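This report introduces the structure shown below to a reader who meets it for the first time. It begins with strand pairing and then turns to the chain as a whole, to one helix and to selected residues.

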Amino acid sequence: MFSFFRKNSSVPQVDFSTVVTDMHSHLIPGIDDGAKTLEDSVTLIKELHALGYKKFITTPHIMSDFYRNTPEIILEGLEQVRQAIKAENIPVTISAAAEYYLDDGFIHKLEEEKLLTLGDNNHLLFEISYVNAPDNLMEVIFRMQVLGYKPIMAHPERYPFWGNNFDFYGSLRDQGVLLQLNVNSLSGYYGPDAKRIAEKLIEKEWVDLIGTDTHAMKHIQALQRTVKEKSFRKVLEFNLLNKHL
Ligand SMILES: [Fe+2]
């Protein structure tokens with residue numbers, strides 16, 4: 001259950017421990033726009049642990065243009081982070097997958113390589129352009145599924161071109177795509193449109209996972225505001241896949 005207590009009269013504290021796993025973050029140093037140094041990684045993990053998270057599946061960007069990460073680069077960085085956590089005695093576990101950007105390079109990787117997935121059930125986290133949806137989105141999703149992956153769309157509320165087309169979100173879920181909300185959307189961190197769409201997705205109970213998408217301390221500070229939102233408490237009542245990863 002969600003637990004809520006107060007350290008003092010004005011600052012609500014929340015316990016994210018019921019979520020168990022934060023499955024979307026950028027905690028490996030120097031390989032994307034997330035943590036810059038190993039020290040940053042440790043600080044962010046300590047802060048997320050203080051909020052109640054016990055387990056992390058961190059998800060560096062893989063893009064053909066900006067972040068040309070490979071499983072080898074990611075797993076090598078993960079090892080450094082694991083050693084630092086051990087040295088600091090932080091009682092959490094961390095593994096890594098990736099946040100795949102749907103571009104031409106992704107389609108090539110999908111056919112040629114074993115992609116990095118979350119947990120034991122081949123869940124694949126992907127994002128798309130914030131400018132427009134790829135024309136072949138549904139075909140690529142279908143291809144992922146044919147190859148045995150279970151696609152998770154990262155932060156569907158952040159794609160403004162679907163603003164009011166809730167039938168489309170419904171059709172994605174009918175197609176077997178899981179939807180992962182960025183919790184900070186609920187306090188307006190990504191703007192009013194993302195907040196509105198996020199709230200609507202919660203109202204329709206179309207949220208399968210939540211993630212912090214932590215890149216830096218600003219996201220931790222936003223989480224402190226997010227926990228005050230009513231919609232946040234509601235999403236914690238869902239049977240989120242986070243608990244089973
Ligand atoms: Fe992300």
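Two strands are said to pair if DSSP finds at least two bridges between them. By that criterion, strand 8 (residues 123-127) pairs with strand 9 in the parallel sense over four bridges. Within this pair, Phe126 stands opposite Met153 of strand 9. The model described here is a predicted one.

**The two sheets**

Strands 8 and 9 belong to an open sheet of six strands, which runs in the order 5-7-8-9-10-11 with parallel pairing. At its edges are strand 5 (61-62) and strand 11, each of which pairs on one side only.

Another open sheet has three strands in the order 3-4-6, and the pairing is again parallel. Strand 3 (21-22) and strand 6 (93-96) each have a single partner strand, so one side of each is left without a neighbour in the sheet. Strand 4 (residues 55-58) joins strand 6 through four bridges in the parallel sense. Ile57 has Ser95 in strand 6 as its bridge partner.

**The chain as a whole**

The protein chain contains eight helices and eleven strands. Its C-alpha atoms fill a box of roughly 50 × 40 × 30 Å along the principal axes. For 245 residues, a compact globule would have a radius of gyration near 18 Å; the protein chain has 17 Å, which agrees with that expectation. Of the 245 residues, 38% count as buried. Among contacts in the protein chain with a separation of 6 or more, 74% come from residues 24 or more positions apart.

**Helix 7 and its buried side**

Which residues of helix 7 are buried? They are His219, Ala222, Leu223 and Thr226. These residues lie on the same side of helix 7 because they cover an arc of only 110 degrees around the axis. The buried residues of helix 7 pack against helix 8 (230-236). On the face turned away from the buried side, helix 7 carries the exposed residues Met217 and Lys218.

**Three individual residues**

His155 lies in the loop between strand 9 (150-154) and helix 5 (166-174). Although His155 is not a glycine, its phi is positive, at about 30 degrees. Asp213 is placed in the loop between strand 11 (209-211) and helix 7 (217-226). Asp213 is likewise a residue other than glycine with a positive phi, near 50 degrees.

Asp40, by contrast, has its place in helix 1 (residues 38-50). Leaving aside residues up to four places away in sequence, Asp40 touches Pro29 and Ala35. The C-alpha atoms of Asp40 and Gly30 are separated by 9.9 Å, and the two residues are ten residues apart along the chain.

Are these three residues buried or partly exposed? A residue is buried if 20 or more other C-beta atoms lie within 10 Å of its own, exposed if 12 or fewer, and partly exposed in between. The table applies this cut-off to each of them.

| Residue | Other C-beta atoms within 10 Å | Class |
|---|---|---|
| His155 | 24 C-beta atoms | buried |
| Asp213 | 26 C-beta atoms | buried |
| Asp40 | 17 C-beta atoms | partly exposed |

His155 therefore counts as buried with its 24 neighbours, and Asp213 is buried with 26. Asp40 has 17 such neighbours and so counts as partly exposed.

Notes. Residues numbered from 1 in each chain as written. Predicted model: local features only at pLDDT ≥ 70, side-chain atom pairs only at ≥ 80, totals over all residues. Contact = placed C-beta atoms within 7 Å. Arc of directions from axis to C-beta. Rg over C-alpha atoms; globule rule 2.2 N^0.38 Å.
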